[in-house]
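The exercises below are meant to be worked with the sequence and the coordinates side by side. Try each task before reading the solution that follows.

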Amino acid sequence: MSSLDAKTSWEALANEMRPFVRRRVASEADADDVLQEVLLRVHRGLDGLEDEQRFAGWIHRVAHNAIADHLRVRQRHPIAEASGEAAAPELEPEDTTREALKQTLSLFVAQLPSPYREAITLVELEGLSQREAAELVGISVSGMKSRVQRGRQRLRDMLEDCCEIALDARNKVLDCRPRGDDCNC
């Protein structure tokens, strides 16, 4: 294959993957970054691909993993605007509900007993992996997993006692309303 054919093939692959990536990231610049990472990973992994019939599925898995890695990094290291003030993006109704729920969750997390509060804060709010959180606290990974699961269950119970939460088919929050006037949220 000539270098022109190879270039055309990479451009075709990039054009095919761009909409998939763009729907899952915040901006065009992020899409460009993730797409570049996808193409790099594909280039590095082509020699290891054994079944060419699974190429399309493999490419989408590579893209999915690159997107997940990108979002994970963004969550752990949010970028501050150089000017010091970030323009607040307009939120869609589901994003507004999700933001309100996040604020409410922080109130509930503060009410959790110590080991669960610590586990949920490290893993869910600060974005550490369960392994990293376990090392930081000085317990086993299975111990941290147990604390996170129990903490999540306690949070869920607290929320269900206080609020009515409507979920869609993918368990994304659609709406959240207090059950009564005595709700803490």
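**Exercise 1. Decide whether L159 is buried or exposed, and place this residue in the fold.**

Solution. The relative accessible area of L159 is 8% in this predicted model, and because buried means under 20%, L159 counts as buried. The residue belongs to helix α7. Its C-alpha atom lies 7.9 Å from that of F108, although 51 residues separate L159 and F108 in sequence.

A similar reading applies to M158, which is also placed in helix α7. Once neighbours within four places in sequence are set aside, M158 is in contact with F108, Q111 and L112. Between M158 and V109, which are 49 residues apart along the chain, the C-alpha separation is 9.7 Å.

**Exercise 2. Work out which class of residue H70 falls into, buried or exposed, and list what it touches.**

Solution. First locate H70, which sits in helix α3, a helix covering residues 55–76. Next take its relative accessibility of 14%, which is why H70 counts as buried. Finally, leaving out residues up to four places away in sequence, H70 touches V25, D30 and V34.

**Exercise 3. Check whether the span of helix α5 agrees or disagrees with its number of residues.**

Solution. Helix α5 runs over residues 114–125 and has 12 residues, so at 1.5 Å a residue it should span 16 Å. The expected span is 1.5 Å times one less than the number of residues. The end C-alpha atoms of α5 are 15 Å apart, which agrees with that expectation. Within α5, the buried residues include Y116, A119, I120, L122 and V123. Just after this helix, G127 adopts a positive phi of about 80°.

**Exercise 4. Describe how α5 packs on α7, and then how α6 packs on α7.**

Solution. Two packed helices are described by the angle between their axes and the distance between the axes. For α5 and α7 (residues 141–162), the angle is about 100° and the axes are 8 Å apart. Angles of 65 to 115 degrees count as roughly perpendicular, and α5 and α7 are therefore roughly perpendicular to each other. On the α5 side the contact involves P115, Y116, E118, A119, I120, V123 and E124, which meet M144, R147, V148, R150, G151, R152, R154 and L155 of α7. Sorted by type, the residues of this contact are eight nonpolar, one polar and six charged.

For α6 (residues 130–137) and α7, the angle is about 110° and the axes are again 8 Å apart. That makes α6 roughly perpendicular to α7. Here Q130, R131, A133, A134 and V137 of α6 make the contact with V141, M144, K145, R147, V148 and R152 of α7. This contact divides into six nonpolar, one polar and four charged residues.

**Exercise 5. Summarise the whole protein, and say where pLDDT stays under 50.**

Solution. Begin with the secondary structure, which comes to seven helices and two strands, following the pattern α-α-α-α-α-α-α-β-β along the sequence. Of the 185 residues, 24% are buried. Among contacts between residues at least 6 apart in sequence, 50% join residues at least 24 apart.

Then turn to confidence: the average pLDDT is 78, and 76% of the residues score at least 70. Over residues 80–89, however, pLDDT stays under 50, and the model has one contact beyond four places in sequence for this stretch. Where pLDDT is low, the predicted coordinates should not be read in detail.

Notes
Residues are numbered from 1 along each chain as its sequence is written. This is a predicted model: local features need pLDDT of at least 70, side-chain atom pairs count only at pLDDT 80 or more; totals for chains, interfaces and linings use all residues. Side-chain values use heavy atoms; hydrogens and water are left out. pLDDT is the predictor's confidence in each residue, from 0 to 100. Contact means heavy atoms within 4.5 Å. Axes are lines fitted to C-alpha atoms, for helices over the stretch in contact, and angles run from 0 to 180 degrees between N-to-C directions. Helices (H or I, at least four residues) and strands (E, at least two) are DSSP runs, numbered from the N terminus. Angles under 35 degrees count as roughly parallel, over 145 as roughly antiparallel, 65 to 115 as roughly perpendicular and the rest as oblique. Ala, Val, Leu, Ile, Met, Phe, Trp, Tyr, Cys and Pro count as nonpolar, Asp, Glu, Lys and Arg as charged, and the others, Gly among them, as polar. Buried means under 20% relative accessible area, exposed over 50%, partly exposed in between (1.4 Å probe, protein chains only).
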